[in-house]
Amino acid sequence: MKRPILLSALLALGLATLASGQNIGKYSNAPTDADYRMIVVEPKEGATLVGRDVNIVLTLPALPQGNRAPQANQDVKQREMNTPTFQIWVDGKDFGNLPIGQNVFVARDLSYGPHKVVVMAKNISGQVVDRKEISVTTVETASSVAVTQSAAPAPYVAEPAPAPAPRIAIEPPATTHYTSESPTLPKTATSYPLAAASGLLLLGAGALLRRKS
C-alpha cells in the first residue's frame, strides 16, 4: 500500500516542478515587446509647464477585473512580472532606474526653457521593450505662456499693389491745313473793308487842310 502512495507523491511533485519550471521560463524575460506598450500619461508632447519641476507618469500593465481567488492572486503576480523597469533621462542626464513597481518620477529644479525627456522600459533580463521621447517647455509663470504666445510674429501678408492710374490721352489741337483748293481762305488779323475806310478818312482830312491853307 505504501508503494502506490509514494509513486503518487512523486508524480505530484514532478508535475508541480514542471509547472513551476514552465512559469519560470514564461516570466524569465517578461515583459516582452508584445506584452507591454508604454504610454506616458504626463507630460504630454509639446506641453508648456509652469515651474522648475516636471512630473513623469507612466502606465503599468492592466490588471484583469472580476476574477476571484486564486485566479485574482495569479493575475496580480502576472502583472508584477509584466511590469517593466523604467529608466529615465532628462536633457541627456541619466536618472537611473526607478524602483521595481514604481511608475512615477519627478525631475526637479530644471532650468526654464525647452527640455527633452526620454523613458526606456526594460524587462527582467534588461532588454528594452519600449522607448518614448517627449519634448516640453518650462516657464516661470502662467503669464509667461500668454506672453510667449502673443509674442509670436504675425504671418507676413503682402499688400496688394495699387491699381495704376487711368491714362488720359491728350490729343493735340486740330490744325486746319489750307491749300489752294480749299473753298475758303484763312482769317487773319487784317480786315480789308476797315483798312479801306481808314484810307478814305485820311484822304478827306488832307483835302480839308489844303482848302484852309
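In the predicted model, Glu133 has a relative accessibility of 41% and is classed as partly exposed. Its salt-bridge partner is Arg131, with the closest N and O atoms 3.7 Å apart. Arg131 is likewise partly exposed, at a relative accessible area of 44%.

The structure contains two salt bridges in total. Besides the pair of Arg131 and Glu133, a salt bridge joins the side chains of Asp53 and Arg108, with an N to O distance of 3.4 Å. This pair connects distant parts of the chain, the two residues being 55 residues apart. Asp53 belongs to the loop between strand S2 (48-50) and strand S3 (54-58), while Arg108 belongs to the loop between strand S6 (104-107) and strand S7 (113-122). Asp53 is partly exposed, with a relative accessible area of 34%, whereas Arg108 is exposed, at 54%.

Asp130, located in strand S8 (residues 128-139), is buried but takes part in no salt bridge. The nearest side chain of opposite charge is that of Lys132, at 4.5 Å. Because a salt bridge requires a side-chain nitrogen of Lys or Arg within 4 Å of a carboxyl oxygen of Asp or Glu, the separation of 4.5 Å between Asp130 and Lys132 does not qualify. A polar atom of the Asp130 side chain lies 2.8 Å from the backbone nitrogen of Met38. When residues up to four places away in sequence are not counted, Asp130 touches Arg37, Met38, Val119, Met120 and Ala121.

Two aromatic pairs were found in a search of the whole structure. One of them is formed by Tyr36 and Phe86, with a centre to centre distance of 6.4 Å and an angle of 55° between the planes, a tilted arrangement. The pair links distant parts of the chain, with the two positions 50 residues apart in numbering. Tyr36 is placed in the loop between helix H1 (2-27) and strand S1 (40-42), and Phe86 in strand S4 (residues 85-90). Both partners are buried: Tyr36 has a relative accessible area of 3%, and Phe86 has a relative accessibility of 0%.

A further contact with an aromatic ring involves a charged side chain. Arg52 lies over the face of Tyr112, at a distance of 4.7 Å from the ring centre.

How values were computed:
Residues numbered from 1 in each chain as written. Predicted model: local features only at pLDDT ≥ 70, side-chain atom pairs only at ≥ 80, totals over all residues. Heavy atoms only, no water. Phe/Tyr/Trp six-rings, centres within 6.5 Å; stacked < 30°, edge-to-face > 60°. Helix = DSSP H or I, 4+ residues; strand = E, 2+ residues; numbered from the N terminus. Buried < 20%, exposed > 50% of the residue type's maximum accessible area, 1.4 Å probe, protein only. Lys NZ or Arg CZ within 6 Å of the ring centre and 35° of its normal. Lys, Arg positive; Asp, Glu negative; His and termini not counted. Polar contact = N/O pair within 3.5 Å; in protein donor to acceptor, adjacent residues only side chain to side chain. Contact = heavy atoms within 4.5 Å.
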